[in-house]
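Visitor: I would like to go through this model label by label. Please give me the reasoning behind each term.

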Amino acid sequence: MSILKTHDALLLDLDGTVWEGGQALQCVVDVINSCGVPAVYVTNNASRSPQTVARMLGEIGLETDTKHVVTSAQAVLRIAKADLPTGAKLLIIGADSFRTLAREMGFEVVTSADDNPAAVIQGMHKSVGWAELSEGALAINKGAKFFASNLDTSLPTERGMAVGNGSLVGAITSTTGVEPVSAGKPEPAMFTQAAKLVNATKPLAVGDRLDTDIAGGNTAAMDTFHVLTGVSRELELIEAPAELRPDFIGAGFHELSLSEAQARPGAQGGFMARYDGYDIVLQGGSEKSTSIEALRTVLEVAWAGPKPPRYIQPRGEFAEKAVATWR
């Protein structure tokens with residue numbers, strides 16, 4: 001029975017999982033539209049409104065709506081609403097769509113620390129600069145609570161890793177000494193909110209980044225599926241601590257069709273792995289063996305050890321071919 005048949009919802013990351021640069025990744029659209037379970041899109045990106053995300057998903061052929069999108073902006077506003085009085089003043093650092101969401105949830109949005117906001121809520125937007133960050137710091141130093149949509153220190157772009165919201169949050173934290181309450185991955189809030197939207201009791205969290213997507217799903221006590229189409233690749237998986245380890249690993253979205261046993265770490269594809277001192281030796285395989293089968297074989301051994309191996313030592317033609325593309 002495939003993994004899709006043993007779960008009642010997909011909680012999907014976007015960048016590196018569903019799309020890259022706005023273009024759908026291989027097999028994603030066909031799998032999601034035909035999988036037979038609801039899909040909820042869970043993104044740390046607070047600069048896009050749920051309507052924008054839903055529209056972009058529709059443009060690549062996915063059948064969805066705003067009710068199946070959870071952004072970190074929505075998640076942090078829900079946390080703030082539970083902690084603040086009705087109609088509280090918020091100083092929002094981030095996108096205009098973030099401010100619109102706050103108003104729709106009944107908050108009063110202000111722009112100055114002189115307005116005595118009850119809280120500062122910070123989300124990523126490329127326009128954020130010294131003036132907004134300083135206004136936020138001034139408000140927090142006057143007693144405002146501090147919330148952040150997410151704490152990703154880096155932001156993947158087509159040119160490489162750029163400054164993320166967590167790095168900008170760090171500027172306020174270093175000025176005020178106050179750490180924010182964060183709603184974004186790897187915190188569990190977005191996952192539990194997403195599962196509740198579709199009344200899922202056994203959802204599957206799918207993502208490409210161990211320290212956000214997988215850590216968040218694990219923290220929310222959900223099954224996690226890691227795809228090798230984005231940020232975290234083979235070597236990071238091998239070295240991952242227990243809290244960042246996914247239940248299942250796939251080369252891409254198409255491997256959601258595998259059974260749970262096939263997608264879990266374990267010897268497969270004719271490969272064998274064992275420790276030799278501080279290293280793991282990988283042997284065996286065949287012409288039909290794949291790199292992901294070799295990886296799952298190595299992961300079972302690596303994750304059973306007290307600490308990550310020093311090196312992976314491939315022995316033989318097929319093992320060497322499988323490991324050659326790892327990074």
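Guide: Let us start with disulfides: the term is used for a pair of cysteine sulfur atoms within 2.5 Å. Keep in mind that the model is predicted.

Visitor: How do you know whether Cys 35 is in a disulfide?

Guide: Set the distance against the cut-off. A disulfide needs two cysteine sulfurs within 2.5 Å. The closest cysteine sulfur to that of Cys 35 belongs to Cys 27 and is 14 Å away, so it is too far for a bond. By this rule the count comes to 0 disulfides. Cys 27 is in no disulfide either.

Visitor: What makes Cys 35 buried or exposed?

Guide: Its relative accessible area is 8%. Buried means under 20%. Cys 35 is therefore buried.

Visitor: And which class does Cys 27 fall into?

Guide: Cys 27 has 31% relative accessibility. Exposed would need over 50%, and buried would need under 20%. Cys 27 therefore counts as partly exposed.

Visitor: Why is the contact between Lys 185 and Asp 13 called a salt bridge?

Guide: The rule asks for a side-chain nitrogen of Lys or Arg within 4 Å of a carboxyl oxygen of Asp or Glu. For Lys 185 and Asp 13, the closest N and O atoms are 2.9 Å apart. The pair meets the rule, so the label applies. Lys 185 sits in the loop between β12 (181–182) and α7, while Asp 13 sits in the loop between β1 and β2 (19–20), so the pair ties together parts that are 172 residues apart in sequence.

Visitor: Are these two residues buried or exposed?

Guide: Lys 185 has 3% relative accessibility and counts as buried. Asp 13 has a relative accessible area of 10% and is buried. The cut-off for buried is under 20%.

Visitor: What makes Asp 96 and Arg 99 a salt bridge?

Guide: Their side chains meet at 3.0 Å, N to O. The limit is 4 Å, so the pair qualifies. Both residues lie in helix α4 (residues 96–104), 3 residues apart, about one turn of the helix. Their accessibility classes are as follows. Asp 96 is exposed, with a relative accessible area of 59%. Arg 99, at 13%, counts as buried.

Visitor: Which residues are joined into one network by salt bridges that share partners?

Guide: Asp 13, Lys 185 and Asp 213. By the same 4 Å rule, the count comes to 11 salt bridges. One of them joins Glu 234 and Arg 233, at 3.5 Å, N to O. Glu 234 is buried, and so is Arg 233.

Visitor: How do you know that β13 and β14 pair?

Guide: Pairing needs at least two bridges between the strands. β13 and β14 have 4 bridges, in the parallel sense. They therefore pair. Ala 205 stands opposite Thr 224 in β14. The chain crosses from β13 through α8 to β14, and this β-α-β crossover is right-handed.

Visitor: What lies on the other side, between β1 and β13?

Guide: Strand β1 (residues 9–12) pairs with β13 in the parallel sense, over 4 bridges. The bridge partner of Leu 11 is Ala 205.

Visitor: What makes β13 covered on both faces?

Guide: Pro 203, Ala 205 and Gly 207 are buried on one side, and Leu 204 and Val 206 on the other. That makes 5 of its 5 residues buried.

Visitor: Why is helix α8 called mostly covered?

Guide: Of the 10 residues in α8 (residues 210–219), 7 are buried. Among them are Leu 210, Asp 213 and Ile 214. What covers the buried residues includes α7 (189–197), β13 (203–207), β14 (223–227) and α9 (234–238).

Visitor: Which strands are the edges of the open sheet?

Guide: The sheet has 6 strands, in the order β5-β4-β1-β13-β14-β15, with parallel pairing. β5 (69–71) and β15 (248–250) each pair on one side only, and these are the edge strands. At the β5 end, strand β4 (residues 39–43) pairs with β5 over 3 bridges. Thr 43 stands opposite Thr 71 in β5. Helix α2 (residues 50–59) packs on the sheet and touches β4 and β5.

Notes
Residues are numbered from 1 along each chain as its sequence is written. This is a predicted model: local features need pLDDT of at least 70, side-chain atom pairs count only at pLDDT 80 or more; totals for chains, interfaces and linings use all residues. Side-chain values use heavy atoms; hydrogens and water are left out. Buried means under 20% relative accessible area, exposed over 50%, partly exposed in between (1.4 Å probe, protein chains only). Helices (H or I, at least four residues) and strands (E, at least two) are DSSP runs, numbered from the N terminus. Contact means heavy atoms within 4.5 Å. A crossover is right-handed if, with the strands pointing away from the viewer, the path from the first strand over the helix to the second runs clockwise. Axes are lines fitted to C-alpha atoms, for helices over the stretch in contact, and angles run from 0 to 180 degrees between N-to-C directions.
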